Amino acid sequence: MEIALVVIKSQRWGELWLSGISLERYKAVRKKYGLHSSWAIWSDPTDTVTSNMEDISFFDEDSIVEQLNPNNILVGLNISGYIPKSFENFHGRGGGAYKIRYATKGTDLWGAYLTDIIKDYPERMATNVRKYLRENKEIVEKNILSFEQEIKDIGAVNPKIYAFGNDAY
């Protein structure tokens, strides 16, 4: 089993911890969660702030595991539309995902796991998602259990979870 270990030093707390994911686990995560999740890694922009957002070719390289940190998890509310390719979530030109690229570059959050708490409910408007969840409380419980399993499946140990906005929190 191949495991990539990365030593991360938190500037805020001065902590040191080991993080990493095996290639085998990475491939399993990609197969199971690839249409709902991704990792906080992007190609560098070229001419505009959103350029190269859709380039996810690096996810096909085995060495990518060296940059991944499953102990940092960034969570959105739900996907805003259909995700056609594995690990394409959070990597399109549309929307504000490009801001995450700039916010994480050069920080401990580069390489974090990206996912949405609500799966299989594509909707752009958070107000519609909130309404749907109020009317279907069993969906909330189902997705929380699914998220807990997802955390285990990525191999997170004492993860730090960051929610994008109040709705995801």
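Where is Asn158 found? Asn158 sits in the loop between α4 and β6. Before I say more about that loop, I should state that the model before you is predicted. I shall begin with the sheet, continue with the helices, and return to the loops at the end.

Let us turn to the sheet. It is an open sheet of 4 strands, and the order of the strands is β3-β5-β4-β6, with mixed pairing. The edge strands are β3 and β6, the latter covering residues 160-163, and each of the two pairs on one side only.

We may now go through the pairings in that order. β3 and β5 run antiparallel and are joined by 2 bridges. Ser38 has Leu114 as its bridge partner in β5. Next, β4 and β5 pair in the parallel sense, over 6 bridges. Here Gly76 stands opposite Asp116 of β5. Finally, strand β4, residues 69-78, pairs with β6, again in the parallel sense, over 4 bridges. In this pairing, Leu74 is placed opposite Tyr162 of β6.

How many residues of β5 are buried? The strand is mostly covered, with 7 of its 7 residues buried. One residue of β5 deserves a closer look, namely Ile118. With a relative accessible area of 4%, Ile118 is well within the buried class, because buried means under 20%. Which residues does Ile118 contact, leaving aside its neighbours within four places in sequence? They are Leu77, Asn78, Ile79, Leu133 and Asn143. Of these, Leu77 and Asn78 fall within the residue range of β4, 69-78, while Leu133 belongs to α3. I would also point out Ile144, which is 26 residues away from Ile118 along the chain; the C-alpha atoms of the two are separated by 8.1 Å.

I now move to the helices, starting with α1, residues 23-33. In α1, the residues Leu23, Tyr26, Val29 and Tyr33 are buried. They lie on the same side of the helix, because they cover an arc of only 125 degrees around its axis. A general point helps here: an α-helix has 3.6 residues a turn, so residues three or four places apart point the same way. What do the buried residues of α1 pack against? Their partners are β3 (38-39), β5 (112-118) and α4. The other side of α1 carries Glu24, Lys31 and Lys32, which are exposed.

Helix α2, residues 97-104, can be read in the same manner. Its buried residues are Ala97, Ile100, Arg101 and Thr104. Viewed down the axis of α2, these residues fall within an arc of 105 degrees, and therefore they line one face of the helix. The cover over the buried residues of α2 includes β4. Lys99 and Ala103, on the other side of α2, are exposed. After α2 comes Gly106, whose phi is positive, near 75 degrees.

How do the axes of α3 and α4 cross? The axes of helix α3, residues 126-135, and helix α4, residues 137-153, come within 4 Å and cross at roughly 100 degrees. The two helices are therefore roughly perpendicular. On the side of α3, the contact is made by Tyr132, Leu133, Arg134 and Glu135; on the side of α4, by Lys137, Ile139 and Val140. Sorted by class, the contact of α3 with α4 has 4 nonpolar and 3 charged residues, and no polar ones.

I close with the loops, and with two values of phi. As background, most residues other than glycine have a negative phi. Asp120, in the loop between β5 and α3, has a positive phi, near 60 degrees, although the residue is not a glycine. Is Asp120 buried or exposed? Its relative accessibility is 59%, so Asp120 counts as exposed.

This returns us to Asn158, in the loop between α4 and β6. Asn158 likewise is a residue other than glycine with a positive phi, in this case near 50 degrees. Asn158 is exposed, with a relative accessible area of 71%.

Terms used: Residues are numbered from 1 along each chain as its sequence is written. This is a predicted model: local features need pLDDT of at least 70, side-chain atom pairs count only at pLDDT 80 or more; totals for chains, interfaces and linings use all residues. Side-chain values use heavy atoms; hydrogens and water are left out. Axes are lines fitted to C-alpha atoms, for helices over the stretch in contact, and angles run from 0 to 180 degrees between N-to-C directions. Angles under 35 degrees count as roughly parallel, over 145 as roughly antiparallel, 65 to 115 as roughly perpendicular and the rest as oblique. Contact means heavy atoms within 4.5 Å. Ala, Val, Leu, Ile, Met, Phe, Trp, Tyr, Cys and Pro count as nonpolar, Asp, Glu, Lys and Arg as charged, and the others, Gly among them, as polar. Buried means under 20% relative accessible area, exposed over 50%, partly exposed in between (1.4 Å probe, protein chains only). The arc is that of the directions from the helix axis to the C-beta atoms. Two strands pair if DSSP finds at least two bridges between them.
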